[in-house]
Amino acid sequence: MFNFSANHLALISRTEYRSCAVFLMRDDSTHRVYCLYDFTKTLQILPHGYYCISGKVNSADKLYLVIESVKPDTKHQRSSHSSSPC
């Protein structure tokens, strides 16, 4: 396992499964899309803001970006006129 972190992430979608919640998020700076896993199913990520997310990469037989912490990205503010993340 190794660490990862990303800033300026906006929520595209959240899907809940039996074992985890999966967040599809887009980095509005690089336009990369990340699939992030919350196995605790307790994280609250809302669609109206940007987030800084850190966690671990679990690479057993499939790559999982497992979220460990989430905080609002205070360096980037999302305006009400911003384009949709898709």
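Me: What share of the contacts with a separation of 6 or more in the chain comes from residues 24 or more positions apart?
Reply: Residues 24 or more positions apart supply 43% of the contacts in the chain with a separation of 6 or more. Keep in mind that this is a predicted model. The contact share is a value for the whole chain, and it can be read beside the burial figure: 38% of the 86 residues count as buried.

Me: How much surface does the chain expose, and what share do carbon and sulfur atoms supply?
Reply: The exposed area is about 5,700 Å², and 52% of it comes from carbon and sulfur atoms.

Me: Where is confidence highest among the strands, and where is it lowest?
Reply: Start with the general idea. Where pLDDT is low, the predicted coordinates should not be read in detail. In this chain the average pLDDT is 85, and 83% of the residues score at least 70. Strand β2 has the highest confidence, with a mean of 95, while strand β5 (residues 63-72) has the lowest, with a mean of 89. Residues 80-86 have a pLDDT below 50, and beyond near neighbours in sequence this stretch has 6 contacts in the model.

Me: How many helices and strands are there in the chain?
Reply: The chain has 0 helices and 5 strands. Read from the N terminus, the order of elements is β-β-β-β-β.

Me: How do I read the arrangement of the strands, and which strand follows which in the barrel?
Reply: The general idea is about pairing. Strands of a sheet pair through backbone hydrogen bonds, either parallel or antiparallel. Here a closed barrel of 5 strands runs β1-β2-β3-β5-β4, with mixed pairing. With direction ignored, neighbouring strands of this sheet are turned by 55° against each other on average.

Me: How many bridges join β1 to β2, and in which sense do they pair?
Reply: β1 and β2 are antiparallel, with 7 bridges. The two strands form a hairpin, and 4 residues lie between them. For a single position, take L11, whose bridge partner in β2 is M25.

Me: Which residues of β4 stand opposite F4 and S5?
Reply: F4 stands opposite G55 in β4, and S5 has S54 in β4 as its bridge partner. Strand β1 (residues 2-16) and strand β4 (residues 50-59) are antiparallel, paired over 7 bridges. On to another pair: β4 is also joined to β5, by 9 bridges in the antiparallel sense. One position there is S59, with L63 in β5 as its bridge partner.

Me: How many bridges join β2 to β3?
Reply: There are 6 bridges between β2 and strand β3 (residues 33-38), and the two strands run antiparallel. In this pair, R26 stands opposite V33 in β3.

Me: Why does R26 count as buried?
Reply: The cut-off for buried is under 20% relative accessible area. R26 has a relative accessible area of 15%, so R26 is buried. R26 belongs to strand β2 (residues 21-27). I12 is 14 residues away from R26 along the chain, yet their C-alpha atoms are separated by 6.7 Å. The side chains of R26 and H31 are joined by a polar contact of 2.3 Å.

Me: Where is D28, and with which side chains does the side chain of D28 make polar contacts?
Reply: D28 sits in the loop between β2 and β3. The side chain of D28 makes a polar contact of 3.3 Å with the side chain of R26, and one of 2.6 Å with the side chain of Y50. Leaving aside neighbours within four places in sequence, D28 is in contact with H8, A10 and Y50. D28 counts as buried because its relative accessibility is 17%.

Me: What is the phi of H8, and is H8 buried or exposed?
Reply: The phi of H8 is near 65°, a positive value in a residue other than glycine. H8 is in strand β1. With a relative accessible area of 11%, H8 is buried.

Me: Where does K41 lie, and what is the phi of K41?
Reply: K41 is in the loop between β3 and β4. The phi of K41 is positive, about 55°, although K41 is not a glycine. K41 is partly exposed, with a relative accessible area of 29%.

Methods: Residues are numbered from 1 along each chain as its sequence is written. This is a predicted model: local features need pLDDT of at least 70, side-chain atom pairs count only at pLDDT 80 or more; totals for chains, interfaces and linings use all residues. Side-chain values use heavy atoms; hydrogens and water are left out. Buried means under 20% relative accessible area, exposed over 50%, partly exposed in between (1.4 Å probe, protein chains only). A polar contact is a pair of N or O atoms within 3.5 Å; within protein, one must be able to donate a hydrogen and the other to accept it, and residues adjacent in sequence count only if both atoms are side-chain atoms. Contact means heavy atoms within 4.5 Å. Accessible areas come from the Shrake-Rupley method with a 1.4 Å probe; for residues, only the protein chains shown count as cover. pLDDT is the predictor's confidence in each residue, from 0 to 100. Two strands pair if DSSP finds at least two bridges between them. Axes are lines fitted to C-alpha atoms, for helices over the stretch in contact, and angles run from 0 to 180 degrees between N-to-C directions.
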